[in-house]
Amino acid sequence: MMKGILLTAGKGSRLYPMTKATNKALLPVYDKPLIYYPLDTLMQAGIREILIIISPGNEDAFEELLGDGSDLGLSITYKVQVEARGIADALILGKEFIGSDDICLILGDNIFYHPKIKEMLQITEKEMDGAVVFGYWVEDPRPFGVAEFDEWGRVVSIEEKPQNPKSNYIIPGLYFYDNQAIEIAQNLKPSQRGELEITDVNAEYLQRGQLRIIPMEKDVLWFDAGNADRLFRASEAIRRLQQDGRYIGCIEETAYENGYISLDHIHSLGERIVMTEYGQYLKELK
């Protein structure tokens, strides 16, 4: 069984002052809160049990937005990350939630879209043996973690922000791990930044010969919406796609397509907000 962790506990300092009074995952990306998009990605992977890790003081806002997930046929729980200790800390905070299961960890500011994203994500779960990450092609990979891999998708090396990258594939914020990830995270030492780095988790899987990468198609939409410029460009891209008739990040629609909720339930949700385009879309779903 695979569970999901959605990490939203970052300070959002690159989005200040927008994040002075709210968590960045609650900021709008076109017509939805940012958190809808990574949540939809987890749902596209067929995951129904989800832990959302949040920062102190935001508990009420997240629960008001998503509740316990029952409106979507999900089970959503929350945990506060009191101190920002890095991405890998999510695996430690989620230890009881994960139990003996596998885990998909996604960052709360990462947006993915492709018409066949569901197939990509569910193939990953079936084929996982250790850890699976995705490779996303970028023109200039130097500001990112860069993965070098062979023709079978086996990772050869991982470098953090290299001056001379060995490939153009970076690792975005979506990670599939087996249950070893908890033990690996617990044995990590903080980096020079004082954080438990997710790159070090991947490096340990690499050392064990259990890290596989799946290159994403170049037409996959991906945004790390962590600063104002990227947030704006993500909104523009989603607006353009939706004007072409492809709705992005609609968690109610994904819940219906996955068989979690009924069409009648979707229509009733749409009726509550029928004055918006989003509500009208839900009301007219077939």
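Where along the chain is the place of Lys-161? Lys-161 sits in the loop between β10 (155–160) and β11 (169–170). Its phi is near 50 degrees, a positive value in a residue other than glycine. This is a predicted model. The structure holds 14 salt bridges and nine aromatic pairs. The points below go through backbone, burial, charge and rings.

**Backbone and loops**

- Lys-161 is joined by Tyr-30, which also is not a glycine and has a positive phi, of about 55 degrees.
- Tyr-30 lies in the loop between β2 (28–29) and β3 (32–33).
- The relative accessible area of Tyr-30 is 32%, so Tyr-30 is partly exposed.
- Gly-46 takes a positive phi of about 80 degrees, and its place is just after α1.
- Tyr-16 belongs to the loop between β1 (2–7) and β2.
- Tyr-16 is exposed because its relative accessible area is 53%, and the cut-off for exposed is over 50%.
- Tyr-16 and Ala-228 are 212 residues apart along the chain, yet their C-alpha atoms are separated by 8.9 Å.

**A covered helix**

- Helix α1 spans residues 36–44 and is mostly covered.
- How many of the residues of helix α1 are buried? The count is nine of its nine residues.
- The buried residues of α1 include Tyr-36, Tyr-37, Pro-38, Leu-39 and Asp-40.
- Thr-41, Leu-42, Met-43 and Gln-44 are also among the buried residues of α1.
- Tyr-36 of this helix is also part of an aromatic cluster, taken up under the ring contacts.

**Surface charge**

- Asp-60, Glu-63, Glu-64 and Asp-68 form a negative surface patch.
- Asp-60 of this patch is placed in helix α2 (residues 59–66).
- Is Asp-60 buried or exposed? Its relative accessibility is 66%, so Asp-60 counts as exposed.

**Salt bridges**

- Arg-142 and Asp-140 form a salt bridge, and their closest N and O atoms are 2.9 Å apart.
- Arg-142 is partly exposed, with a relative accessible area of 41%.
- Asp-140 is partly exposed too, at 34% relative accessibility.
- Glu-195 pairs with Arg-193 in a salt bridge, with the closest N and O atoms 3.2 Å apart.
- Arg-193 has a relative accessible area of 60%, so Arg-193 is exposed.
- Lys-283 and Glu-271 meet through their side chains in a salt bridge of 3.7 Å, N to O.
- That pair links distant parts of the chain, with Lys-283 in helix α11 (residues 277–283) and Glu-271 in helix α10 (residues 263–272). The two residues are twelve residues apart.
- Lys-283 counts as partly exposed, at 34% relative accessibility.
- Glu-271 counts as partly exposed as well, at 45% relative accessibility.
- Which residues are joined into one network by salt bridges that share partners? They are Glu-183, Glu-204 and Arg-208.

**Aromatic contacts**

- A pair of aromatic rings is described by two values: the distance of the centres and the angle of the planes.
- Tyr-136 and Trp-222 form a tilted aromatic pair, at 5.2 Å centre to centre and with 55 degrees between the planes.
- Why does this pair tie together parts that are 86 residues apart in sequence? Tyr-136 lies in strand β8 (residues 131–137) and Trp-222 in strand β14 (residues 221–224), so the contact bridges those parts.
- Tyr-136 and Trp-222 are both buried.
- Tyr-177 and Tyr-205 form a stacked aromatic pair, at 5.4 Å centre to centre and with 5 degrees between the planes.
- This stacked pair links distant parts of the chain: Tyr-177 is in strand β12 (residues 174–177) and Tyr-205 in helix α7 (residues 198–207), 28 residues apart.
- Tyr-177 and Tyr-205 are both buried.
- Tyr-36, Tyr-247, Tyr-278 and Tyr-281 form one aromatic cluster.

Conventions
Residues are numbered from 1 along each chain as its sequence is written. This is a predicted model: local features need pLDDT of at least 70, side-chain atom pairs count only at pLDDT 80 or more; totals for chains, interfaces and linings use all residues. Side-chain values use heavy atoms; hydrogens and water are left out. Patches are made of residues with over 30% relative accessible area and no salt bridge: like charges are joined within 9 Å, nonpolar side chains (Val, Leu, Ile, Met, Phe, Trp, Tyr) within 5 Å. Accessible areas come from the Shrake-Rupley method with a 1.4 Å probe; for residues, only the protein chains shown count as cover. A salt bridge is a side-chain nitrogen of Lys or Arg within 4 Å of a carboxyl oxygen of Asp or Glu. Lys and Arg count as positive and Asp and Glu as negative; His and the chain ends are not counted. The place of a charge is taken as NZ of Lys, CZ of Arg, CG of Asp or CD of Glu. Helices (H or I, at least four residues) and strands (E, at least two) are DSSP runs, numbered from the N terminus. Buried means under 20% relative accessible area, exposed over 50%, partly exposed in between (1.4 Å probe, protein chains only). Rings of Phe, Tyr and Trp (its six-membered ring) pair if their centres lie within 6.5 Å; planes under 30 degrees apart count as stacked, over 60 as edge-to-face and the rest as tilted.
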